[in-house]
2 protein chains.
Amino acid sequence: MSRIKLDPRLAADTHVLGSLPGADVLLHRNAGVAWCIVVPDTERTELVDLDPALQVAVQASIQQVAAFLRREFVVDKLNIAAIGNIVSQLHVHVIGRRRDDYCWPGVVWGTAGDTVYSEAQVAALRAAFNIFANNL
Amino acid sequence: MSRIKLDPRLAADTHVLGSLPGADVLLHRNAGVAWCIVVPDTERTELVDLDPALQVAVQASIQQVAAFLRREFVVDKLNIAAIGNIVSQLHVHVIGRRRDDYCWPGVVWGTAGDTVYSEAQVAALRAAFNIFANNL
């Protein structure tokens, strides 16, 4: 399902949900927040250095993943970030936060998380994502 | 110089550098990293909810601020993020990180910082920013 070769640390932390034009979409194993990661199909490491066409595609993917998260989870605030200090492969965090989540109002990066998804939950979210992506 | 009414917490943490189309640009007082903040001219609180025209303008501003930071500072990695869990006024962090900065490779949010700018440094960066913005 994934078309893009993932950095092993990124792969270890996530489940693959599916693909959008120009990017794969991952689900972080940390189920304490609603956390997707958009991985653009590029070897560049900075969002601002992407070719304009890929930049537009990545922004559209971010928008679509945000809509998906709002549909599947309770989301009070979105946190959208390209950091990459540890894993240099370009990846954009799209995170739905709740005022009662385990690390609110702090940022989630660097925290350990408090729950993980069951296999059935991952399968259901993957199915929902693929129906969502096919209807875009 | 600022056209946009700033949340008092955002104003307290920053110096105003200047404006770009659709956004004001702030410099965070924390001089331990090269930290600008883009404040779009909107009352919406999520990047993904902006009108398409403002969204394009904000992406251009982020790109320009990143170019400015790369020109004025040593930047090994950019961290670009819209978080807003504490200050809901929409603002996008554009941060130049160095592998030897005080909180590398962690994220800067939630850290205290180790240095601040002198008045002369702020004035010089503001002048440089305005020359840069006028030449875009």
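Hi everyone. Let me start with one definition: a residue is called buried when its relative accessible area is under 20%. Please also keep in mind that what we are looking at is a predicted model.

With that cut-off in hand, let's visit S61(B). Its relative accessibility is 1%, so S61(B) counts as buried. You will find S61(B) in helix α2 of chain B, which covers residues 52-72. What does S61(B) touch, once we set aside its neighbours within four places in sequence? The contacts are L20(B), P21(B), A23(B) and V38(B).

Now hop over to chain A and look at P40(A), which sits in strand β3, residues 34-40. P40(A) also has a relative accessibility of 1%, and therefore it is buried. Leaving out residues up to four places away in sequence, P40(A) touches I4(A), G22(A), A23(A), V58(A), L90(A) and H91(A). For a sense of distance, take G110(A): it lies 70 residues from P40(A) in sequence, and their C-alpha atoms are 23 Å apart.

Next, the strands of chain B. Is β5(B), residues 92-97, mostly covered or mostly open? It is mostly covered, with six of its six residues buried. On one side we have V92(B), V94(B) and G96(B), and on the other H93(B), I95(B) and R97(B), and both of these faces are covered.

Who pairs with β5(B)? Strand β3 of chain B, residues 34-40, runs antiparallel to β5(B) and is joined to it by five bridges. Within that pairing, I37(B) stands opposite H93(B). Strand β4(B) pairs with β5(B) too, again in the antiparallel sense, over six bridges. There the bridge partner of A81(B) is H93(B). If you are following along on the screen, H93(B) is a handy place to pause: I37(B) faces it from β3(B), and A81(B) is its bridge partner from β4(B).

A81(B) also leads us to the other chain. Strand β4 of chain A, residues 77-82, is joined to β4(B) by three bridges, and the two run antiparallel. In this pairing A81(A) stands opposite A81(B).

So what does the whole interface look like? On each side, 27 residues take part: 27 of chain B are in contact with 27 of chain A. The buried area between the two chains is about 2400 Å², and carbon and sulfur atoms give 48% of that. For those of you who like polar chemistry, there are 23 residue pairs in polar contact between chain B and chain A, counting pairs with both residues at pLDDT 80 or more. On the chain B side, the elements that give two or more residues are α2 and β4. By class, that side has 13 nonpolar, eight polar and six charged residues.

How many salt bridges are there across the interface? Four. One to click on is E46(A) with K77(B), where the closest N and O atoms are 2.9 Å apart.

K77(B) turns up again around my last residue, I83(A), as one of its contacts. I83(A) is in the loop between β4 and β5 of chain A. With a relative accessible area of 5%, it is buried, because that falls under the 20% cut-off. Beyond its neighbours within four places in sequence, I83(A) contacts H91(A), H93(A) and W109(A) in chain A, and K77(B), L78(B), N79(B), V107(B) and W109(B) in chain B. The C-alpha atom of I83(A) is 17 Å from that of D24(A), which is 59 residues away along the chain.

That's my tour, thanks for listening!

Methods:
Residues are numbered from 1 along each chain as its sequence is written. Chains are lettered from A and ligands numbered from 1 in the order in which they are written. This is a predicted model: local features need pLDDT of at least 70, side-chain atom pairs count only at pLDDT 80 or more; totals for chains, interfaces and linings use all residues. Side-chain values use heavy atoms; hydrogens and water are left out. Helices (H or I, at least four residues) and strands (E, at least two) are DSSP runs, numbered from the N terminus. Buried means under 20% relative accessible area, exposed over 50%, partly exposed in between (1.4 Å probe, protein chains only). Contact means heavy atoms within 4.5 Å. Buried area is the accessible area (1.4 Å probe) that two parts lose on being put together, summed over both. A salt bridge is a side-chain nitrogen of Lys or Arg within 4 Å of a carboxyl oxygen of Asp or Glu. A polar contact is a pair of N or O atoms within 3.5 Å; within protein, one must be able to donate a hydrogen and the other to accept it, and residues adjacent in sequence count only if both atoms are side-chain atoms. Ala, Val, Leu, Ile, Met, Phe, Trp, Tyr, Cys and Pro count as nonpolar, Asp, Glu, Lys and Arg as charged, and the others, Gly among them, as polar. Two strands pair if DSSP finds at least two bridges between them.
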